[in-house]
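Colleague: I should like to learn how to read burial, backbone angles and helix packing from a model. May we take these features in turn?

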Amino acid sequence: MITSNVFERDTVIESCSTGKINIYLNNPKEDIVSRDIFDKNVWEPWGFNTVYKYIRHDPSIGVFDIGANIGVIALQLANVGRKVIAIEPTPQNTQHLCASIIENRYSELTQVTVVHNTLSNDHKDVPFAFPNKGEYALGFVDQGKDNVVKEMSKMFGKFYRKTTVPLKAAILDDIMTLPEFKAMLKVFIKIDIQGFEHKVFEGSEKLFESGKVNGIFIEWYFHRNTTSGKFLLQKFQ
């Protein structure tokens, strides 16, 4: 049984106040994202600030929030009137995100569309590593010997469960079939999925050919000086 508690907070943003957002948190004692929101009313404000900086002057730009977690960025963007497609693979985070969407009445305006899938470069199930406790922000796709996040995969049986869980995968091009995407004139992509970003972008040929992609904000930490990093740089050129 998953229990959810709603905490009404004034979300703290460095460059833009988005107003008050009700957000459902995971257990703050177990989850790093929920802990910071519970203690500080904020989680990595540079994430929202960076995305908003590049889209604020063009209201026609919608956002893909890939690796939405409990919706910190997606909910703030919805609160400033942007359309968001939030993609999140973990059941716990997806449940909390959906609860927050309903709580804030974004569902009535279809501000946020939730896709409960992993993304990959094909439609095969992916082996997903869940932590032993509730650190849902730190789950990742196990890529075996090709794993970019080697320091995480070494922690199987300690921080992470010994066995992975198969999760259903879609490709990024599949998102183009959604009516919410078709209604977007332009798209900005925020992606933070623990070293699996390159595999997702392998399944995005049609999306980039559409001409709608206006910009990308990507977690680069795991890809520095790696084969995946070289692939991504070449892809974006």
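Colleague: Is glutamine 111 buried or exposed in this predicted model?

Modeller: Burial is judged from relative accessible area, and a residue under 20% counts as buried. Glutamine 111 has a relative accessible area of 8%, so it is buried. The residue is found in the loop between α4 and β5.

Colleague: With which residues is glutamine 111 in contact, leaving aside its neighbours within four places in sequence?

Modeller: Glutamine 111 is in contact with Ala78, Gly81, Arg82, Lys83, Val84 and Tyr106. Of these partners, Ala78 is itself a buried residue of α3, and glycine 81 follows α3 with a positive phi near 90°. As for distance, the C-alpha atoms of glutamine 111 and glycine 229 are separated by 33 Å, and the two residues are 118 apart along the chain.

Colleague: Where does threonine 94 lie, and what is its relative accessible area?

Modeller: Threonine 94 lies in helix α4, which spans residues 91-103. Its relative accessible area is 7%, and therefore threonine 94 is buried. Apart from its neighbours within four places in sequence, threonine 94 is in contact with Glu88, Val114 and His116.

Colleague: How should I read a positive phi?

Modeller: The general idea is that most residues other than glycine have a negative phi. Against that background, asparagine 69 has a positive phi near 55°, and arginine 105 has a positive phi of about 65° although it is not a glycine. A further case is asparagine 41, just after α1, with a positive phi of about 65°.

Colleague: Where do asparagine 69 and arginine 105 lie, and is each of them buried or exposed?

Modeller: Asparagine 69 is in the loop between β3 and α3, and with a relative accessible area of 11% it is buried. Arginine 105 is in the loop between α4 and β5; at 56% relative accessibility, arginine 105 counts as exposed. For a value in between, consider glycine 144, in the loop between β8 and α5. Glycine 144 counts as partly exposed, at 42% relative accessibility.

Colleague: Which residues of helix α1 are buried?

Modeller: In α1, residues 32-40, the buried residues are Val33, Ser34, Asp36 and Ile37. They cover an arc of only 165° around the axis, so they are on the same side of α1.

Colleague: How many residues of α3 are buried?

Modeller: Helix α3 is mostly covered, with 7 of its 8 residues buried. These are Val72, Ile73, Ala74, Leu75, Gln76, Leu77 and Ala78.

Colleague: How is the packing of two helices described?

Modeller: The description uses the angle between the axes of the two helices and the distance between those axes. Here, the axes of α2 (residues 45-55) and α3 (residues 72-79) come within 9 Å and cross at roughly 40°.

Colleague: Why is α2 called oblique to α3?

Modeller: Angles under 35 degrees count as roughly parallel, and those from 65 to 115 as roughly perpendicular. The crossing of roughly 40° therefore makes α2 oblique to α3. The crossing in which α2 passes α3 is right-handed.

Colleague: Which residues make the contact of α2 with α3?

Modeller: Helix α2 contributes Gly47, Phe48, Val51, Tyr52 and Ile55, while α3 contributes Ile73, Gln76 and Leu77. By class, this contact has 6 nonpolar, 2 polar and no charged residues.

Note on methods: Residues are numbered from 1 along each chain as its sequence is written. This is a predicted model: local features need pLDDT of at least 70, side-chain atom pairs count only at pLDDT 80 or more; totals for chains, interfaces and linings use all residues. Side-chain values use heavy atoms; hydrogens and water are left out. Axes are lines fitted to C-alpha atoms, for helices over the stretch in contact, and angles run from 0 to 180 degrees between N-to-C directions. Helices (H or I, at least four residues) and strands (E, at least two) are DSSP runs, numbered from the N terminus. Angles under 35 degrees count as roughly parallel, over 145 as roughly antiparallel, 65 to 115 as roughly perpendicular and the rest as oblique. A crossing is left-handed if the near helix is turned anticlockwise from the far one by less than a right angle, and right-handed if clockwise. Contact means heavy atoms within 4.5 Å. Ala, Val, Leu, Ile, Met, Phe, Trp, Tyr, Cys and Pro count as nonpolar, Asp, Glu, Lys and Arg as charged, and the others, Gly among them, as polar. Buried means under 20% relative accessible area, exposed over 50%, partly exposed in between (1.4 Å probe, protein chains only). The arc is that of the directions from the helix axis to the C-beta atoms.
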